[in-house]
Amino acid sequence: MKVIRAQAMGMCFGVKDALSTVMMMDYPERATVYGQLVHNGEVLKRIKARGFSTLEESDRTPAVSTPNVVITAHGLSDKERRTLEASGKTLIDTTCPLVSRVHQIARDLHEKGYFVIVAGRKDHVEVQGIVGDLERFAVVARPEDVLVYPSDRIAVVCQTTTPPALLDVLFETISRKNAGKEIRFIDTICGPTRKRQEAVEDLLPKVQALVVVGGKNSNNTRQLRALGEKAGLPCFQVERASELRPGWFYGLDTVGLTAGTSTLDQTIDEVYAALVEMEVSCDATIRK
Ligand code: SF4
């Protein structure tokens, strides 16, 4: 099968830096990773294999048993950091600088009196970290979530992995429903996410199906898949090569390949090799 790789895909600098910090840390058994370092099962396996304790995002509590706590690439509110430090923990911070930037912008505008709207998923750990230091805020994921807000000054930022087209719609809806108010819009989509989404847009007209490699709970991976689905292509999301099924590709000649920002190069290469080698019969019999 012919496989076309997206021009930009896979691990971003934020995830690479976070991973390299934990892989080089001394005494991993003395540290707890406070949530999923990144949303990718293969990466998490490597971290656990080094001896770190880990906490699921929903189970995060300052009462961890280790003296050191690793803040994940998705970031954490200052309030939660202070609580951890007050309980005697030493923090190792792997927050991506592009996530820290959103925190800073949201806090500054909040201090200046703006009501802050975060475009993103309210159950996502990155968004929880951003709004964790705010008192007057709203989180909107869809145009239906947008309300008339109780402030004449509104600032809009977004989760770093928001699709640009969705952000445009949300901003238009916020502006329309809050006409006459001062509204500041700061596009905080991160560059690597934008590049990967643009690369998929370029790829879609050239392929008959799309394979997306990445964690099931990775927001940016889901968004890449959503672009393919919106274009009407069959889309298959896998975390590793062994999840591929020849039957998915019956009758297809050309498949596109992309990967989320927390996917290891090795995993992408394994999926690519498996797809290239996969023999998919054009008659009713799938040979492999
Ligand atoms: S996806 Fe963007 S914001 Fe998230 S870690 Fe990567 S570079 Fe940073």
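Phe 249 counts as buried, at 0% relative accessibility. This residue of the predicted model is a good place to start, as the surrounding aromatic side chains lead on to the sheet. Phe 249 forms one aromatic cluster together with Phe 236 and Trp 248.

A pair of aromatic rings is described by the distance of the centres and the angle of the planes. Searching the whole structure yields five aromatic pairs. One of them is the stacked pair of Phe 236 and Trp 248, with 4.8 Å centre to centre and 5 degrees between the planes. Distant parts of the chain are linked by this pair: Phe 236 belongs to strand S11, while Trp 248 lies in the loop between S11 and S12, 12 residues apart. Trp 248 also pairs with Phe 249; here the ring centres are 6.1 Å apart and the planes stand at 65 degrees, so this pair is edge-to-face. Planes count as edge-to-face when they are over 60 degrees apart, and as stacked when they are under 30 degrees apart.

The accessibility of the other two cluster members can be set beside that of Phe 249. Phe 236 has a relative accessibility of 15% and counts as buried, because the cut-off for buried is under 20%. Trp 248, with a relative accessible area of 31%, is partly exposed.

Strand S11, which carries Phe 236, leads to the sheet itself. The sheet is open and consists of four strands in the order S1-S12-S10-S11, with parallel pairing. Its edges are taken by strand S1 (2–5) and strand S11 (235–238); each has a single partner strand, so one side of each is left without a neighbour in the sheet. On average, neighbouring strands of this sheet are turned by 25 degrees against each other, direction ignored.

Within the sheet, strand S10 (residues 209–213) runs parallel to strand S12 (residues 254–259), and five bridges join the two. Val 213 has Ala 259 in S12 as its bridge partner. Helix H9 (residues 265–277) lies across S1, S10, S11 and S12, and runs at about 155 degrees to S1.

Two arginine side chains are placed over aromatic rings. The charged end of Arg 5 sits over the ring of Tyr 272, at 4.9 Å from the ring centre. Arg 5 falls within strand S1 (2–5), and Tyr 272 within helix H9 (residues 265–277). Elsewhere, the ring of Tyr 114 has the charged end of Arg 153 over it, 4.2 Å from the centre of that ring.

Technical notes: Residues are numbered from 1 along each chain as its sequence is written. This is a predicted model: local features need pLDDT of at least 70, side-chain atom pairs count only at pLDDT 80 or more; totals for chains, interfaces and linings use all residues. Side-chain values use heavy atoms; hydrogens and water are left out. Two strands pair if DSSP finds at least two bridges between them. Axes are lines fitted to C-alpha atoms, for helices over the stretch in contact, and angles run from 0 to 180 degrees between N-to-C directions. Contact means heavy atoms within 4.5 Å. Rings of Phe, Tyr and Trp (its six-membered ring) pair if their centres lie within 6.5 Å; planes under 30 degrees apart count as stacked, over 60 as edge-to-face and the rest as tilted. Buried means under 20% relative accessible area, exposed over 50%, partly exposed in between (1.4 Å probe, protein chains only). A charge sits over a ring if NZ of Lys or CZ of Arg is within 6 Å of the ring centre and within 35 degrees of the ring normal.
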